Amino acid sequence: MDKSENVTFTQKWMEKAVRACLGKEDGELTVSDLEQIKYLRTGESFDNDFFIAVSKEVPPEPFADTDGGDEWIFALRDDDIKRFLDDEDTDFSRLYVSYSFEHEENTDACSQKAVKAWEEYRESIFEERYYEAFEDENEWENWYKNTAENTYRDIRYFRGVQVLRIQGLNTPDYTVFEGMDSLVTLELVETNFQDKKGYEKLYDLKQLSCWMN
């Protein structure tokens, strides 16, 4: 993509958070604008709505969101990522780390230092949530399916992200991560992939957290 090329979001609720983060209420958004976003968390929540959280501040490294559970303590790092990707038992249609896969735990992810780093970083994040109610169940299901698919499509615009967290989307393959040259941390929560095409991009990661609820 040319950096001056305009970006047109399919999801205006996502665009609203991005504009707030960038301080750009009006005018066209460009590829260069979106490259300022260093942190992105998006997808389907466990409450059947959709969400986005973005920041243009550089995330702490190694990354840990201490508001959650133990997903960052058990995240794969460095050589463990390669072993996981090379493991014949790894299911690329729905990535998760099984209890049988032995790897080094990151106890620093629950330290006071990690807690302080996340609390400070959290202040830089802009969030937006989206939900619509329909009397007809079929209409609601169509809305939900279309929103999920379009949320996935809009992720590709965030080419400057260093930390990307996706929850609950059904995606065609791993090529959505191509062009994200700064991506070092990826979290996949109940995320489905129809094909493993492009999975090689995961070898470039420093942290990979993939789990099921």
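Which residues of β9 are buried on one side, and which on the other? In this predicted model, select β9 to find out: Thr 185, Glu 187 and Val 189 lie on one face, Leu 186 and Leu 188 on the other, and all are buried. The strand is thus displayed as mostly covered, with 5 of its 5 residues buried.

Next, display the neighbours of β9. Strand β7 pairs with β9 in the parallel sense over 5 bridges, and Ile 166 has Leu 188 as its bridge partner. Strands β9 and β11 are likewise parallel, over 5 bridges; here Leu 188 stands opposite Cys 210.

Widen the selection to the open sheet, whose 7 strands follow the order β5-β11-β9-β7-β3-β4-β6 with mixed pairing. At the edges are β5 (76–77) and β6 (126–130), each paired on one side only. Then select β3 (residues 39–44), which is antiparallel to β4 and joined to it by 6 bridges; Arg 41 faces Ala 53 of β4 across this pairing. Add α1, which lies across β3, β4 and β6 and runs at about 20° to β4.

Now turn to the side chains. The largest nonpolar core comprises 49 residues, and Phe 9, Leu 34, Phe 158, Leu 164 and Phe 177 have the most contacts inside it. Elements that each supply at least two of its residues include α1 (12–22), α5 (137–155), β7 (163–167) and β9 (185–189). Centre the view on Phe 158: beyond its neighbours within four places in sequence, its contacts include Phe 9, Met 14, Leu 34, Ile 52 and Met 180.

Finally, select Tyr 39, Trp 72, Ile 73 and Trp 118, which are among the 12 residues of a second, separate core.

Note on methods: Residues are numbered from 1 along each chain as its sequence is written. This is a predicted model: local features need pLDDT of at least 70, side-chain atom pairs count only at pLDDT 80 or more; totals for chains, interfaces and linings use all residues. Side-chain values use heavy atoms; hydrogens and water are left out. A nonpolar core is a set of buried Ala, Val, Leu, Ile, Met, Phe, Trp, Tyr and Cys residues joined through side-chain atoms within 4.5 Å. Buried means under 20% relative accessible area, exposed over 50%, partly exposed in between (1.4 Å probe, protein chains only). Helices (H or I, at least four residues) and strands (E, at least two) are DSSP runs, numbered from the N terminus. Contact means heavy atoms within 4.5 Å. Two strands pair if DSSP finds at least two bridges between them. Axes are lines fitted to C-alpha atoms, for helices over the stretch in contact, and angles run from 0 to 180 degrees between N-to-C directions.
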